[in-house]
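Work through the exercises below with the sequence and the model at hand. Each task is followed by a solution in steps.

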Amino acid sequence: MRYIYVMGITIIWFLADAMDLSQVSLAEVRAKNRLSEIKISDQIKGKNVTNFYIFRHAPTSLNRKGIVQGCSLDADVGVLDSNDKSNIIKLKSLGFDYLYTGNSKRSYTTCEFLRSGSAVIDGSWLFQEQNLGLFEGRNREEVKKDPEFIKMNMNPNYKIEGVETGEEVINRMLLGIELVAQPNTTIGICSSTCAMNWFLKWGISDYSSTFFSISNLDVIPFKYDIDCKTISFPFADKIVIASSEVSALFNIENCVD
């Protein structure tokens with residue numbers, strides 16, 4: 001069953017091969033540790049492969065003001081400039097078969113921009129933004145300098161009351177990826193800076209690295225081998241340099257011919 005969100009209306013779309021993510025509980029996610037089961041590989045060995053693209057949502061008014069949104073602040077996408085519109089066109093050209101979002105309006109709206117043909121949009125908390133608790137609503141640059149945020153950003157198990165840990169974010173995202181993967185399909189996942197950072201840190205096996213600079217509509221491409229339960233990043237060997245340099249790797253220009 002698919003949930004299509006159009007102008008605030010929920011339409012239920014039945015597909016025989018679709019995975020109903022609404023039935024996945026928090027207890028189930030915690031019981032399935034995908035950090036130890038899904039591996040990173042430099043090559044794809046199986047025959048059943050899914051092309052994934054995790055991209056950051058289009059900019060909101062709070063993004064423009066440098067305010068951390070997380071889960072509690074649900075600003076929708078704001079006015080798009082020419083660069084945003086260009087990136088949306090390039091992302092859309094990837095021809096997504098399925099688009100997955102978290103539970104925010106900005107994610108749904110972004111996916112609506114990218115949907116074409118019979119592509120299906122599905123919302124699930126498995127792909128939602130990281131719950132940042134006490135950091136939400138604050139100035140982004142101030143948060144990045146906060147000692148508690150720095151500790152959390154460098155340790156996936158560091159727990160702050162009311163804030164989701166990095167391990168919790170990665171585990172639910174990996175479970176979501178495993179559940180939605182289908183052979184020979186192209187799937188887009190609309191996410192946020194912090195969630196993408198954790199996914200990337202897991203992908204390069206370096207949690208001590210700096211906070212990567214990921215702009216709105218930047219994208220991380222990867223392949224998921226369904227048979228072997230492995231993920232392959234096309235540029236993993238390049239992500240060992242400073243974030244100011246590595247950020248250019250995420251630009252859609254590097255993912256679309």
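**Exercise 1. List the residues that His 57 touches, leaving out those up to four places away in sequence, and place His 57 in the chain.**

Step 1. Contact means heavy atoms within 4.5 Å. By that rule, and not counting residues up to four places away in sequence, His 57 touches Asn 63, Gln 69, Arg 106, Thr 110, Glu 129, Cys 190, Ser 191, Ser 192, Asn 216 and Leu 217.

Step 2. The model is predicted: local features need pLDDT of at least 70, side-chain atom pairs count only at pLDDT 80 or more, and totals for chains, interfaces and linings use all residues. Residues are numbered from 1 along each chain as its sequence is written, and side-chain values use heavy atoms, with hydrogens and water left out.

Step 3. His 57 sits in the loop between strand 4 (49-56) and helix 3 (61-65). Helices (H or I, at least four residues) and strands (E, at least two) are DSSP runs, numbered from the N terminus.

Step 4. His 57 counts as buried because its relative accessibility is 2%. Buried means under 20% relative accessible area, exposed over 50%, and partly exposed in between (1.4 Å probe, protein chains only).

Step 5. The side chains of His 57 and Arg 106 make a polar contact at 3.4 Å. A polar contact is a pair of N or O atoms within 3.5 Å; within protein, one must be able to donate a hydrogen and the other to accept it, and residues adjacent in sequence count only if both atoms are side-chain atoms.

**Exercise 2. Find the salt-bridge partner of Arg 106 and say which parts the pair ties together.**

Step 1. Side chains of opposite charge can pair when their charged atoms come close. A salt bridge is a side-chain nitrogen of Lys or Arg within 4 Å of a carboxyl oxygen of Asp or Glu.

Step 2. The partner is Glu 129, and the closest N and O atoms of the pair are 3.5 Å apart. Arg 106 belongs to helix 5 and Glu 129 to the loop between strand 6 (120-123) and helix 6 (140-145), so the bridge ties together parts that are 23 residues apart in sequence.

Step 3. Arg 106 is buried, with a relative accessible area of 1%, and Glu 129 is buried at 3%.

Step 4. Asp 74 joins Arg 106 and Glu 129 in a network of salt bridges. The structure holds ten salt bridges.

Step 5. Helix 5 (residues 105-114) has seven of its ten residues buried. These are Arg 106, Ser 107, Tyr 108, Thr 109, Thr 110, Cys 111 and Leu 114.

**Exercise 3. Is Glu 178 buried or exposed, and which residue forms a salt bridge with it?**

Step 1. Glu 178 counts as buried because its relative accessibility is 16%.

Step 2. Its partner is Lys 229, with the closest N and O atoms 3.0 Å apart. Lys 229 lies in the loop between strand 8 and strand 9 (230-232) and Glu 178 in helix 8, so the pair ties together parts that are 51 residues apart in sequence.

Step 3. Lys 229 is partly exposed, at 30% relative accessibility.

Step 4. Helix 8 has 15 residues, twelve of them buried, so this helix is largely enclosed by the rest of the structure. Among the buried ones are Gly 166, Ile 170, Leu 174, Ile 177 and Val 180.

**Exercise 4. Which residues touch the most other members of the largest nonpolar core?**

Step 1. A nonpolar core is a set of buried Ala, Val, Leu, Ile, Met, Phe, Trp, Tyr and Cys residues joined through side-chain atoms within 4.5 Å.

Step 2. The largest such core has 41 residues, and Phe 52, Leu 174, Ile 177, Phe 199 and Ile 231 touch the most other members. Helix 9 gives the most to this core, with seven residues.

Step 3. Apart from this core lies another, of 16 residues, including Ala 58, Val 77, Leu 99 and Leu 114.

**Exercise 5. What is the average pLDDT of the protein, and where is pLDDT below 50?**

Step 1. pLDDT is the predictor's confidence in each residue, from 0 to 100. The protein averages 81, and 79% of the residues score at least 70.

Step 2. Residues 1-18 have a pLDDT below 50; this stretch has 44 contacts in the model beyond near neighbours in sequence. Residues 237-249 are also below 50, with 18 such contacts.
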